[in-house]
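Please open the model in your viewer and keep the sequence panel beside it. The tour moves from one selection to the next, and each stop says what to look for.

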Amino acid sequence: MSDIVNKNYEYYKNLLKENIKREDVTRLIHWLDNSDARVAPASSKYHLNVEGGLIQHSLNVYNRMMQLYSLDFGSYYKDAEVSNNNSNTEVEINWPNTIESITIVALLHAISKINFYERYSRNIKNSNTGVWESVEEYRIKDTQERFIYGTHSETSCYMVNKLIPTTFEEDTAILYHMGNLDKNDNTRDLCTMFRRNKLAYYLNTADMYATCVTDNLGIRENGPDNTESA
């Protein structure tokens, strides 16, 4: 295990301790310490499928959400729709959420991936030498060895609910952090839900950005003085 993986995990836990003022945070930290949270990958093959990948992804999401929060909190924007008198209407950005809510949904939205993957070895042929070589990769554990509740988002929401008290808005944000990508029902009106719950919209935006952009930067040391600024 690299020093950076350890440092990132400690920074992750410190954010939870410092930003979440609700009861049961100590129990949450204890549960994390007794799981594979420190080293878990973010996926088996799609993004940050490396040791410490889940913590890195969660911090990437947190960093992006904090940037969005700093840009939008208490501000106004010009509505894109023109009113009946052909003048732009100023509409308040409704962000009733605190740093605490951002911390909860950003750092815990993918908690169902803890104790979810395992390492295994498989043989592949080296394209340059033609020699078969053993490589280690990640795969999802057998159903008997992992917790199952529903989809990835539903399971994360359920697990967070069992560890700390959450609000309806935070639950909804976690449930919809992937939009409809992990749901069978693709007819749900995401725009309506996102308009009602800006926390959910920003979590979805930050999660997609992290998955497609900053996760590609790999594992790197995070902290108050060296968070990514992309």
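Is Glu-170 buried or exposed, and why? Select Glu-170 and show its side chain: because its relative accessibility is 0%, Glu-170 counts as buried. Please keep in mind, here and at every later stop, that this is a predicted model. Glu-170 belongs to helix α6, and, leaving aside neighbours within four places in sequence, Glu-170 is in contact with Arg-22, Ser-101, Ile-104, Val-105 and Leu-199.

**The whole chain**

Now zoom out and colour the chain by secondary structure, which should show 8 helices and 4 strands. If you follow the elements from the N terminus on, they run in the order α-α-α-β-β-α-β-β-α-α-α-α. The chain has 230 residues, of which 45% count as buried. Among the contacts with a separation of 6 or more, 66% join residues that are 24 or more positions apart.

**Helix α1**

Next, select residues 3-19, which form helix α1. This helix of 17 residues reaches 24 Å from its first C-alpha to its last, close to the 24 Å expected at 1.5 Å a residue. Show the side chains of Val-5, Asn-8, Tyr-9, Tyr-11, Tyr-12, Lys-13, Leu-15, Leu-16 and Asn-19, which are the buried residues to look for in α1. As you turn the view, look for α2, α3 and α4, since these are the helices against which the buried residues of α1 pack.

**The largest nonpolar core**

Two of the residues you have just shown, Tyr-12 and Leu-16, are among those with the most contacts inside the largest nonpolar core, together with Leu-32, Met-65 and Leu-108. This core has 45 residues, and at least two of them are supplied by each of α1, α2, α3, α4, α5, α6, α7 and α8. Helix α3 provides the largest share, 8 residues.

Select Met-65 and display what surrounds the side chain: not counting residues up to four places away in sequence, Met-65 touches Ile-102, Val-105, Ala-106, Leu-199, Tyr-202, Leu-203 and Ala-206.

**Tyr-62 in helix α3**

Move on to Tyr-62, which lies in helix α3. At 7% relative accessibility, Tyr-62 counts as buried, because the cut-off for that class is under 20%. Beyond residues up to four places away in sequence, Tyr-62 touches Leu-15, Asn-19, Ile-102, Thr-103, Ala-106 and Leu-107. Draw a distance between the C-alpha atoms of Tyr-62 and Leu-203, which are 8.7 Å apart in space although 141 residues separate them in sequence.

**The largest cavity**

How many cavities of 30 Å³ or more does the structure hold? There is 1, and about 50 Å³ of space lies in the largest cavity. To find this cavity, select Tyr-12, Leu-32, Ala-37, Leu-54, Ile-55, Ser-58, Leu-107, Leu-108, Ala-110, Ile-111 and Ile-114, which line it. Helices α3 and α4 are the elements that give two or more residues to this lining, and α3 gives the most, with 3 residues. By class, the lining of the cavity divides into 10 nonpolar residues, 1 polar residue and no charged ones.

**The largest pocket**

For the largest pocket, which holds about 530 Å³ of space, select Ala-42, Lys-113, Tyr-117, His-152 and Met-178, since these are the closest to its centre among the 26 residues that line it. The elements that give two or more residues to the lining of this pocket are α5 and α8, and the largest share, 3 residues, comes from α8. The lining of the pocket has 11 nonpolar, 12 polar and 3 charged residues.

**Two loop residues**

End the tour in the loops, with the backbone shown. Most residues other than glycine have a negative phi. Select Asp-24 in the loop between α1 and α2, where phi is positive, at about 75°, although the residue is not a glycine. Asp-24 is partly exposed, with a relative accessible area of 31%.

Then select Asn-115 in the loop between α4 and β3, where you will again find a residue that is not a glycine with a positive phi, here of about 55°. Asn-115 counts as partly exposed, at 28% relative accessibility.

Terms used
Residues are numbered from 1 along each chain as its sequence is written. This is a predicted model: local features need pLDDT of at least 70, side-chain atom pairs count only at pLDDT 80 or more; totals for chains, interfaces and linings use all residues. Side-chain values use heavy atoms; hydrogens and water are left out. A nonpolar core is a set of buried Ala, Val, Leu, Ile, Met, Phe, Trp, Tyr and Cys residues joined through side-chain atoms within 4.5 Å. Buried means under 20% relative accessible area, exposed over 50%, partly exposed in between (1.4 Å probe, protein chains only). Contact means heavy atoms within 4.5 Å. On a 1 Å grid over the protein atoms alone, a cavity is a set of points where a 1.4 Å probe fits but cannot get out, and a pocket is an open set with protein on both sides within 12 Å along at least five of seven lines; lining residues have an atom within 4 Å of a point. Grid points are joined across faces, edges and corners, and a volume is the space filled by probe spheres set on the points. Ala, Val, Leu, Ile, Met, Phe, Trp, Tyr, Cys and Pro count as nonpolar, Asp, Glu, Lys and Arg as charged, and the others, Gly among them, as polar. The expected span of a helix is 1.5 Å times one less than its number of residues.
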